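Biologist: Please take a close look at a single helix of this chain and at what surrounds it. I would also like to know how that part fits into the rest.

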Amino acid sequence: MCLDHATGILRQIQPVHGVAADPARLRRIVAGPDISANVAATEDHKDHMGFYGASGIAHEFRTTVHPALHTEADILALAKTLQAMGVRHYVLQVFRATGCGDARLDAVSTLGYPGAELHALLFKKNREILDLMQVMTPAHVHTVDDRSLSSLLSSLWRAIRELRRANVDVAIDCELFSRISSLLSFASGASVRVGFHRHTQEGLYRGSHINRRVPYNPYHHISAQFLTLARAIDSTAVPKSKLPVMGAGKPPPHVQLDSALIQGIQSRLAQDFPGIAGKPLVLVYPGGGILPIRAWPLASYIALCEGLVADGCAVAVIGLKDDQALAQQLVASVTLALPAGPVIDLTGYTRSISELLALFHVARLLVTNDGGPGQFAALTPIWTLMLFGPETPGLYAPLTPRCHSFYSQWPCSPCLTAYNHRSSYCDGDNQCLKVIEPAGVLAKARECLASA
Ligand code: SF4
């Protein structure tokens with residue numbers, strides 16, 4: 001092939017060239033059964049490096065760094081050699097055991113991605129909880145504001161520009177089947193884009209922007225599936241990440257709240273509801289949020305709350321302002337049966353996620369439908385009883401030993417799944433939840449309160 005022809009092709013493909021090590025060390029590294037062939041390959045390798053470096057062709061050199069084969073001095077020396085040859089783009093990548101097949105090399109491979117810089121892209125309304133968890137450098141959190149079309153478009157534009165400036169190598173799309181997030185992965189400029197993919201299953205089309213495709217598996221906890229996404233980064237298998245499922249995930253770390261915040265909510269409660277003073281506080285969340293089919297019947301909550309109040313507890317109903325009518329119904333029913341109460345309505349009472357978490361620090365127990373409050377509670381020391389019906393705790397139970405899930409294993413459950421875009425086929429009669437007896441929940445509540 002003539003040089004002009006070769007150069008033309010190379011200009012089109014913009015090669016990424018691998019550099020195993022400096023030529024002298026390469027002799028040692030590649031030494032195998034046919035040492036003469038390996039030495040010839042070494043010389044050939046050196047020629048190629050010089051060719052690319054001097055050609056002006058767009059290129060990138062990469063070295064896969066293995067802790068047993070390279071020292072920092074080796075890499076520095078190699079970088080200087082490449083620089084002298086005119087190479088301008090040189091990338092180091094960490095050796096991974098995946099697909100190597102050499103047990104000796106695999107045994108001392110580096111785990112994880114040491115030194116990797118993490119960025120997050122999320123809706124602005126969800127940012128508070130990420131900040132509270134203190135797992136991300138604030139400047140590396142990029143937000144999308146969906147309060148209006150104009151704020152959505154301008155914040156999307158800004159976020160994409162920020163991500164591109166950060167030179168993101170890998171995008172991990174944690175959405176189950178969102179098309180916009182797969183598009184954003186592509187727009188971020190990341191060359192490796194990991195995400196859930198439908199493969200040969202019907203529906204759930206989300207474009208072809210994901211290039212590390214992982215099947216969604218509704219039989220494994222969602223946290224294990226997110227770990228599978230991370231492990232797919234270097235996978236060469238189809239589908240990606242054919243590795244053993246990581247076992248039960250670790251409980252999330254408790255958020256470190258400002259003690260003034262906890263004291264503040266305590267003082268407000270004491271001032272606004274003096275009747276609860278000195279009693280163990282139990283919170284209940286009877287709302288179903290945007291999926292009311294997830295709600296345990298109100299009559300069951302009322303029976304539970306009557307039992308708790310009779311035991312000497314104070315009961316508070318939590319939820320958003322939209323849940324107020326339901327809360328007032330519950331309060332009225334329990335107060336009618338037990339006029340001394342106390343049972344109070346705290347819907348709309350907390351003004352932020354951090355105040356809600358502070359309330360979880362003050363209360364002893366939360367009884368909740370499947371939804372956000374139960375997941376947030378796992379970031380605090382409160383005991384939680386969570387009622388599952390159309391969804392399964394196998395997929396969404398909070399990963400904390402201080403949470404107990406009730407689930408009836410109903411034959412049609414789970415009917416809410418990513419595969420039907422969480423659109424249940426139920427006629428509204430959620431028997432899966434109705435069969436959970438208040439007496440059983442009350443017995444478990446007493447157990448938790450005794451150990452709290
Ligand atoms: S379809 Fe079955 S699992 Fe789904 S809400 Fe109705 S009873 Fe529950």
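Modeller: The answer starts with some ground rules, goes on to the helix, and then moves outward.

The model is predicted, and local features are described where pLDDT is at least 70, side-chain atom pairs count only at pLDDT 80 or more, and totals for chains, interfaces and linings use all residues. Residues are numbered from 1 along each chain as its sequence is written.

The secondary structure of the chain comes to 17 helices and 14 strands; helices (H or I, at least four residues) and strands (E, at least two) are DSSP runs, numbered from the N terminus. The chain has 452 residues, and 30% of them count as buried. Buried means that 20 or more other C-beta atoms lie within 10 Å of a residue's own, exposed means 12 or fewer, and partly exposed is in between, with C-beta atoms placed from the backbone.

The helix to look at is H12, residues 324–337. H12 has 14 residues, and its first and last C-alpha atoms are 20 Å apart, close to the 20 Å expected at 1.5 Å a residue. The expected span is 1.5 Å times one less than the number of residues.

Which residues of H12 are buried? They are Leu326, Ala327, Leu330, Val331 and Val334. Seen down the axis of H12, these buried residues fall within an arc of 130°, so they line one face of the helix; the arc is that of the directions from the helix axis to the C-beta atoms. The face turned away from the buried side carries the exposed residues Ala325, Ala332 and Leu336.

The buried residues of H12 are covered by elements that include helix H11 (298–310), strand E10 (314–317) and strand E11 (343–345). Cys305 shows how H12 meets other parts of the chain. Setting aside neighbours within four places in sequence, Cys305 is in contact with Val284, Val315, Leu330, Val334 and Val343. Two residues are in contact if their C-beta atoms, placed from the backbone, lie within 7 Å. Leu330 and Val334 are among the buried residues of H12.

Cys305 also belongs to a wider group. Together with Val282 and Val315, Cys305 has the most contacts inside the largest nonpolar core, which has 59 residues. A nonpolar core is a set of buried Ala, Val, Leu, Ile, Met, Phe, Trp, Tyr and Cys residues joined through C-beta atoms within 7 Å. H11 supplies the largest share of this core, 6 residues. Apart from this core lies another, of 6 residues, among them Phe196, Val214, Tyr216 and Ala232. In soluble globular proteins, nonpolar side chains tend to be buried together.

After E11 the chain runs into a loop that leads to helix H13 (353–362), and Leu346 lies in that loop. Is Leu346 buried or exposed? Leu346 is buried, because 21 other C-beta atoms lie within 10 Å. Not counting neighbours within four places in sequence, Leu346 is in contact with Ala316, Val317 and Ile318. The C-alpha atoms of Leu346 and Leu269 are separated by 9.6 Å, although the two residues are 77 apart along the chain.

Thr368, in strand E12 (residues 365–369), is another buried position to look at. Thr368 counts as buried because 25 other C-beta atoms lie within 10 Å. Leaving out residues up to four places away in sequence, Thr368 touches Tyr285, Pro373, Gly374, Thr384 and Met386. Gly288 is 80 residues from Thr368 along the chain, and their C-alpha atoms are 9.3 Å apart. For the chain as a whole, residues 24 or more positions apart account for 57% of the contacts with a separation of 6 or more.

Two loop residues give a contrast. Asn167, in the loop between H7 and strand E6 (170–173), is exposed because 10 other C-beta atoms lie within 10 Å. Asn167 has a positive phi of about 50° although it is not a glycine. His421, in the loop between E14 and H16, counts as exposed because it has 11 C-beta neighbours inside 10 Å. His421 has a positive phi of about 55°, and it is not a glycine either.
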